[in-house]
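Here is a friendly briefing to read alongside the structure. Have the viewer open, and turn to each residue as it comes up.

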Amino acid sequence: MAFAKESEALEQAISGFGVDEKSVLEIFKGLKIEDIRSFRTSTPEIIVVDGVCRFKTIADCDAERMRTCFLHFPKAVEMWKKHPYERDACLMRSAFEGEEVLPKKILVEVICTRAPAQLVGAKMVYQQLYNITIEEQLKTYIPQTLELKLLTALLVGDHENERNAKEVEDLQTNVKMLFQTLRHAGENRALELITNETIYYIDMLLREQYQMLTNTSFKENVGNYEIMKVILKCRRDPVSYFLEVVEDAFEANDADALTRVIVTRADNDMTEIKKAFLAKHNMSLQQKIKDVAKGRYKDFILSLMARSADD
C-alpha cells in the first residue's frame with residue numbers, strides 16, 4: 001500500500017501554526033496494524049532507522065516540530081487564561097531566560113506599551129512570583145548603560161503630572177541635548193542627562209514632534225542601540241510596532257509571537273492593528289490567519305480577534 005498522499009497530507013496537517021486535528025484523525029482512523037508498518041517503511045522523510053537499536057522512529061527534528069505545533073493551542077489558551085498582571089510578569093521573566101535580542105524586546109514591549117496601572121500590577125505580581133523586583137532583576141541582567149537607565153526610568157517614573165509652559169520648554173532643550181550628546185559625546189555623558197523628567201517628555205516628543213525638534217533621522221540618533229530602538233518604536237507608535245511583530249511572526253513561522261500579540265492586544269488596540277494590516281497588505285489579518293493557521297489554534301485566535309469592536 002502506497003502512502004505518498006497520506007504522508008503529504010500529514011505534513012500539511014502538522015506544520016505551521018497549530019495542527020489540523022481532523023485531518024490527522026482522518027489519515028489514521030482506518031489504518032490496520034499492517035498498514036502502520038507499511039506507513040513506516042513508505043515514509044522515509046518522516047520515519048528513520050535509529051542508529052543504535054535499528055528500530056524505526058520519527059526523526060528528532062520532525063518529532064520536535066510536531067510537539068511544538070500540537071502545543072500552540074494549549075499555550076495560547078494558557079496565556080489567555082492568566083490575569084493580565086500575571087501574564088505580563090511571565091512575559092517579562094522570559095526576557096531573562098536567554099541572551100538573544102528577542103526576549104529583551106518582549107521585556108521592552110511590556111514596559112513601554114502597558115498602561116501605568118497595569119504595569120504597577122505586573123510589577124507586584126513579578127515580585128510575588130520570583131522573589132525579586134523587576135528593577136533589581138534588570139540590574140543583574142542588563143549592564144549599567146543608557147538603555148538600562150531608560151528602562152528603569154520608564155518603570156518607576158511619574159509620567160502623569162501636568163507641566164507648565166516653562167517646564168515643557170526646558171524639557172525640550174534637555175531632550176534635544178540628550179540625543180545630540182548620544183550622537184557626538186557618547187553614552188557616558190548621555191547617561192548623566194537621563195532623568196524621570198526627560199523620560200516623561202521623550203514620551204510626548206516621540207508621539208508628536210520628534211523629527212521637528214531633533215532635525216535628524218531616527219536611525220542616526222539611536223545608532224546600534226537595539227533596546228533603545230525598540231523603546232522608541234513602542235513609545236512612538238505602538239500599533240506600528242505590533243504590526244511589525246505580526247508580520248515577522250508570519251515570516252518566521254513564529255506562533256508564540258503571533259499568540260502574544262493577539263492575546264495581549266485583543267481588548268486594547270486590536271482594531272487599529274487590523275486596520276493597519278489591511279491598509280498595508282490589502283488583505284485582512286483574519287484572512288491571513290485563516291490561510292496559515294490550523295485546527296483549534298486557528299479557531300481560538302480568530303475568536304479572540306472577534307472581540308474587537310469592528311467585528
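What follows is a short tour, from the overall build to single residues.

Please keep in mind that this is a predicted model. The protein chain holds 20 helices and 2 strands. Of its 311 residues, 45% are buried.

**Overall build**

- Among contacts in the protein chain with a separation of 6 or more, 66% join residues that sit 24 or more positions apart.
- The protein chain has an accessible surface of about 16700 Å², and carbon and sulfur atoms account for 51% of that surface.

**The nonpolar cores**

- In soluble globular proteins, nonpolar side chains tend to be buried together.
- The largest nonpolar core here has 60 residues, and within it Leu285 and Tyr297 touch the most other members.
- Helix α16, which covers residues 238-252, gives the most to this core, with 8 residues.
- A separate core of 8 residues lies apart from the largest one, and its members include Leu10, Ala13, Ile14 and Met66.
- Which residues does tyrosine 297 touch, not counting those up to four places away in sequence? They are Phe17, Gly18, His72, Phe73, Ala76, Ala255, Leu258 and Thr259.

**Salt bridges**

- Side chains of opposite charge can pair when their charged atoms come close.
- How many salt bridges does a search of the whole structure find? The search finds 8, and three of them are described below.
- Arginine 296 and glutamate 21 form one of these salt bridges through their side chains, at 3.4 Å from N to O.
- Arginine 296 belongs to helix α20 (residues 295-305) and glutamate 21 to helix α2 (residues 21-28), so this pair ties together parts that are 275 residues apart in sequence.
- With a relative accessibility of 46%, arginine 296 counts as partly exposed.
- Glutamate 136 and lysine 139 also meet in a salt bridge between their side chains, at 3.7 Å from N to O.
- This second pair lies within helix α8 (residues 134-141), where glutamate 136 and lysine 139 are 3 residues apart, about one turn of the helix.
- Glutamate 136 is partly exposed at 40% relative accessibility, and lysine 139 is partly exposed at 45%.
- Aspartate 269 and arginine 265 make a further side-chain salt bridge, at 2.9 Å from N to O.
- Are aspartate 269 and arginine 265 buried or exposed? Aspartate 269 is buried, and arginine 265 is buried too.

**How α19 and α20 pack**

- Helix α19 (residues 285-292) packs with α20 at an angle of about 175 degrees, and their axes are 10 Å apart.
- Angles over 145 degrees count as roughly antiparallel, so α19 runs roughly antiparallel to α20.
- On the α19 side, the contact is made by Leu285, Gln286, Ile289 and Lys290.
- On the α20 side, the contact is made by Lys298, Ile301, Leu302 and Met305.
- Leu285 therefore appears in two roles, as a residue of the α19 contact with α20 and as a member of the largest nonpolar core.

**Lysine 139 and tyrosine 130**

- Lysine 139, already met as the salt-bridge partner of glutamate 136, is 9.0 Å from threonine 152, C-alpha to C-alpha. In sequence, lysine 139 and threonine 152 are 13 residues apart.
- Tyrosine 130 has its place in helix α7 (residues 116-130), and with a relative accessible area of 24% tyrosine 130 is partly exposed.
- Leaving aside neighbours within four places in sequence, tyrosine 130 is in contact with Ala89, Cys90 and Arg93.
- Tyrosine 130 and arginine 93 are 37 residues apart in sequence and 8.6 Å apart in space, C-alpha to C-alpha.

**Two asparagines with positive phi**

- Most residues other than glycine have a negative phi.
- Asparagine 253 is not a glycine, yet has a positive phi of about 55 degrees.
- Asparagine 253 sits in the loop between α16 and α17 (255-265), and at 41% relative accessibility asparagine 253 counts as partly exposed.
- Asparagine 282 likewise has a positive phi of about 55 degrees without being a glycine.
- Where does asparagine 282 lie? Asparagine 282 is in the loop between α18 (270-281) and α19.
- Exposed means over 50% relative accessible area, so asparagine 282, at 71% relative accessibility, counts as exposed.

Definitions and conventions
Residues numbered from 1 in each chain as written. Predicted model: local features only at pLDDT ≥ 70, side-chain atom pairs only at ≥ 80, totals over all residues. Heavy atoms only, no water. Core = buried A, V, L, I, M, F, W, Y, C linked by side-chain atoms within 4.5 Å. Buried < 20%, exposed > 50% of the residue type's maximum accessible area, 1.4 Å probe, protein only. Helix = DSSP H or I, 4+ residues; strand = E, 2+ residues; numbered from the N terminus. Contact = heavy atoms within 4.5 Å. Areas by Shrake-Rupley, 256 points an atom, 1.4 Å probe, with all protein chains shown as cover. Salt bridge = Lys/Arg side-chain N within 4 Å of Asp/Glu carboxyl O. Axes fitted to C-alpha atoms, helices over the stretch in contact; angles between N-to-C directions. Parallel < 35°, antiparallel > 145°, perpendicular 65-115°, else oblique.
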